[in-house]
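Subject: Structure for you to look at, with notes

Dear colleague,

I am passing on the structure we talked about, and below it you will find my notes. Please have it open beside the text as you read.

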Amino acid sequence: MNAKVIDDHSPETANKEIAILQITRIGDILQTCHAVRLLKINHPEYNVTLIARKQFAEPVKFLIDQIFDDVKIIDFKRSINLADGFSGSLKNIKNILKDINTKKFSASINLSFSKSSSYLHSMINSDHKIGPYYNEANHKVIHDKWSQYLFSSVMRGDLNPFNLVDLFSNIIGVKKDNTHLTNSNFSKEKKENILLHPFASLEKKYWKSNKWSEVILRVLEANKDITIHIAGSSSDKDGYEQIVNVPILEKYRSRIKPLLGKSLSELYAQVDNTYLFVGHDSMIGNLLSFKNIKTITISLGTVRPMETAPYSINNYILSPKTKCYPCFPDTPCEFYKCHGDIPYQVLQEVISQLLISNKVEKEQFLKRVSPFHMNSVNISKTTVNKVGHLTLSNVLDEYQTERDVFRDFYRTIWSYAFSEVDVTSPLPNISEATASSLSKQAQTVVHLFELAEFGKKYSRYILEEISKKAPEINKIKDYSKKIDEVDRLLDVLVEANELIAPIVDYGVVAKSNLSGNNLVSLTESSFYVYQEMSNAASIIHEFLTKLNLTNTNQQTPRKSL
Amino acid sequence: MAQSQEAYKEEFKKELFDKLTAINNKLNRNETLTEEDNAILLMSSVLEEQG
């Protein structure tokens, strides 16, 4: 990697101290590690301190220590306890903060988005705060646009086109001239081992044991030299027994090894270039991405493959085409249809090809797997675009859905709006039905544009009224009511047209974080938020026009491109 | 033993509740929160997340 070399000590180039606050789970810490790895490659002059919770940081400390210059580990469980009582616990918290604040940070960046992280962030001494924190009036504040975007989009829907690592990098402000994403494979072409992780944090996210038993049987039957190692925590013992202790696997027991309760550092050390990793969306896949191990992720339930795909290239993701996928943790579901929509035959074929050649060939796949089994599943491969973002490409070159097309639109829109980075996407490959559906979206986008323009108009009227010698308060109130009406109409528009939700959601978060402390500056920043929304709508309309999908008189939708 | 644990817990909760009420009153009066107030809010949010 060609890192910039700094060889003078002027104030501009003096080492800058940055604190990264990541007090959520291990998977988030691993994604943060990737983002900071990118930061250190492109900006070696920064000293970066991680602030993380003990229970999540300690299992991956071996990795954290390779990437961060310093780590502050917080043990909330020990600090807030009955034995010390309220006063003692409060004193412990103050000591934690005192320890963190021994350094003076140029910037503190909160990548956690929880209430506790926002409070913690507000107490860190730093010149600049990025990400959420609480201000003196106890209001949650998010100043920077990428954090506002993350808060608005990732928490709500699956139209986010960015991997979380790239989002974190954007929040941190990494200028990605260099990336550690590489085409080189750590895994050998012909492998001897599979590391299988058939468990996940939520029942929605993992297959039942009998399906895994079937997969294991087929793989061991077809590949005589393979050993399957099943990883999990100590608490996964029952799950392991249910998968392995079945009659169909009786004669293969010697080739199935448990790796339950191993530390992550041991697992990381054990997995070498003879391994293929297969599992559900979990931090193990993310961990192994640091070694560029070949992986297959089976994404189910609440998993959004684009966001949480292990951050390395040429890995594979199987996700269902089920209409309700992905869902939310509290979405009721009795049948887990998405689980059945990924047939084990598809996984078996992907495994077979990767065991031998490190890649999935479309032609071979189409020959060996029935179209009946492929109807309901997407097979994606991780790639990287010209600006260093991880993307997913469809292995079988299937048609893109409406949501896929809009994600591509949003990748271009947000990258330019927030970072002035030009992202180009190839023309979408869509069916006639999708083209027809997209052409109906054109009218929605026009409505969105018009409403955003009304928002701008009334913001401008307020500013004009304020600038008069004798501004009329009643007029200002009326214009404010009009703006409220615009916002209500935007909500109604989103109810009927979910594809434009990211723009409206972003607008809501941005408007609740307007900069300024008087009516003029607040109204000005409100104007600019509507301007951003108007621009986004306008860009989408232009894209649809270029695809010949905005002609309302058109009888036949445009054929696939 | 269990009874004294329960008593400690109740005392902890009461102290926390009283402090949070005082903080809330400060905010209603548009007063600025101190470092200690923020530390208490942090503690409360951590306990809330832990359930």
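What percentage of the contacts in chain A with a separation of 6 or more is accounted for by residues 24 or more positions apart? The figure is 68%. Please keep in mind throughout that this is a predicted model.

**Chain A as a whole**

Chain A has 561 residues, and its radius of gyration of 26 Å agrees with the value near 24 Å that a compact globule of that length would have. The C-alpha trace spans about 90 × 70 × 50 Å along its principal axes, and 43% of the residues of chain A count as buried. In terms of secondary structure, chain A comes to 22 helices and 15 strands. The chain is divided into domain 1 (11-172), domain 2 (193-398) and domain 3 (432-546), and the centres of domain 2 and domain 3 of chain A, taken over C-alpha atoms, are separated by 43 Å.

**The five-stranded sheet**

As background to the two sheets described here, strands of a sheet pair through backbone hydrogen bonds, either parallel or antiparallel. Five strands of chain A form an open sheet with parallel pairing, in the order β3-β2-β1-β4-β5. Its edge strands are β3 (70-74) and β5 (126-130) of chain A, each of which pairs on one side only, and neighbouring strands are turned against each other by 20 degrees on average, direction ignored. If you would like a place to look in detail, strand β4 (residues 105-110) of chain A runs parallel to β5(A) and is joined to it by four bridges; there, A:Ser108 stands opposite A:Lys129 in β5(A).

**The eight-stranded sheet**

Another open sheet of chain A is formed by eight strands in the order β10-β9-β8-β11-β12-β13-β14-β15, and in this case the pairing is mixed. Because β10 (256-260) and β15 (390-394) of chain A stand at the edges with a single partner strand each, one side of each is left without a neighbour in the sheet. Neighbouring strands of this sheet are turned by 25 degrees against each other on average, again with direction ignored.

At the β10 edge, strand β9 (residues 227-232) of chain A is joined to β10(A) by five bridges, and the two run parallel. Within β9 and β10, A:Ile228 stands opposite A:Ile256 in β10(A). Helix α10 (residues 237-244) of chain A lies across β9 and β10 of chain A, and runs at about 170 degrees to β10(A).

**Where chain B touches chain A**

Chain B places 20 residues in contact with 19 residues of chain A. On the side of chain B that touches chain A, α1 (2-28) and α2 (35-50) of chain B each supply at least two residues, and α2(B) gives the most, with 11 residues. Sorted by class, that side of chain B has 12 nonpolar, four polar and four charged residues.

**One residue of chain B**

Is B:Lys14 buried or exposed? B:Lys14, which has its place in helix α1 of chain B, has 11 other C-beta atoms within 10 Å and is therefore exposed, the limit for that class being 12 or fewer. The C-alpha atoms of B:Lys14 and B:Glu35 are separated by 21 Å, and these two residues are 21 residues apart along the chain.

With best wishes

Methods. Residues numbered from 1 in each chain as written. Chains lettered and ligands numbered in written order. Predicted model: local features only at pLDDT ≥ 70, side-chain atom pairs only at ≥ 80, totals over all residues. Rg over C-alpha atoms; globule rule 2.2 N^0.38 Å. Buried ≥ 20, exposed ≤ 12 C-beta atoms within 10 Å, placed from the backbone. Contact = placed C-beta atoms within 7 Å. Domains from an automatic or database assignment. Nonpolar A, V, L, I, M, F, W, Y, C, P; charged D, E, K, R; others polar. Pairing = 2+ DSSP bridges. Axes fitted to C-alpha atoms, helices over the stretch in contact; angles between N-to-C directions.
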